[in-house]
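Here is a set of short questions on a structure, each with a worked reply. Please keep the model open while reading.

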Amino acid sequence: MPLPKISEARELSDDQLAEEILKVKKQLFTLRLQKATRQLEKPHQFRHARHRLAQLLTVETERKRAASQPTQGQQ
């Protein structure tokens with residue numbers, strides 16, 4: 001299973017991005033719980049979920065910075 005592409009995250013709307021971030025955070029919680037109870041069968045899912053979360057948070061930060069820059073230039 002290949003790692004997700006950041007271009008997919010950039011295509012999401014702001015609402016979809018927020019929902020996806022929540023979904024991945026819940027998935028990471030579930031994976032940590034499975035690991036603690038020794039029920040985790042696919043440890044590579046940690047890497048994929050952390051990678052996806054980093055991509056989503058990066059896109060969110062880029063959008064926030066882009067939104068705040070025009071206001072700083074007008075002051």
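A charge sits over a ring if NZ of Lys or CZ of Arg is within 6 Å of the ring centre and within 35 degrees of the ring normal. This is a predicted model: local features need pLDDT of at least 70, side-chain atom pairs count only at pLDDT 80 or more, and totals for chains, interfaces and linings use all residues. Residues are numbered from 1 along each chain as its sequence is written, and side-chain values use heavy atoms, with hydrogens and water left out.

Q: The charged end of K35 sits over which ring, and how many Å from its centre?
A: The partner is F46. The charged end of K35 lies over that ring, and its distance from the ring centre is 5.6 Å.

Q: Which elements give two or more residues to the largest nonpolar core?
A: A nonpolar core is a set of buried Ala, Val, Leu, Ile, Met, Phe, Trp, Tyr and Cys residues joined through side-chain atoms within 4.5 Å. The largest has twelve residues, including A9, I21, F46 and V59. Helices are DSSP runs (H or I, at least four residues), numbered from the N terminus. The elements giving two or more residues to this core are α2 (14-36) and α3 (44-73).

Q: Which residues are buried in α2?
A: Buried means under 20% relative accessible area, exposed over 50%, partly exposed in between (1.4 Å probe, protein chains only). An α-helix has 3.6 residues a turn, so residues three or four places apart point the same way. The buried residues of α2 are L17, E20, I21, V24, L28 and L31.

Q: Is R52 buried or exposed?
A: R52 belongs to helix α3. Contact means heavy atoms within 4.5 Å; leaving aside neighbours within four places in sequence, R52 is in contact with P4, K5, E8, A9, L12, E20 and V24. With a relative accessible area of 12%, R52 is buried.

Q: What phi does R38 take?
A: R38 is placed in the loop between α2 and α3. The residue is exposed, with a relative accessible area of 79%. Most residues other than glycine have a negative phi. R38 is not a glycine, although its phi is positive, at about 55 degrees.

Q: Which element has the highest mean pLDDT?
A: pLDDT is the predictor's confidence in each residue, from 0 to 100. The protein has a mean of 90, and 92% of its residues reach 70 or more. Among its elements, α3 has the lowest mean (90), and the highest (96) belongs to α2.
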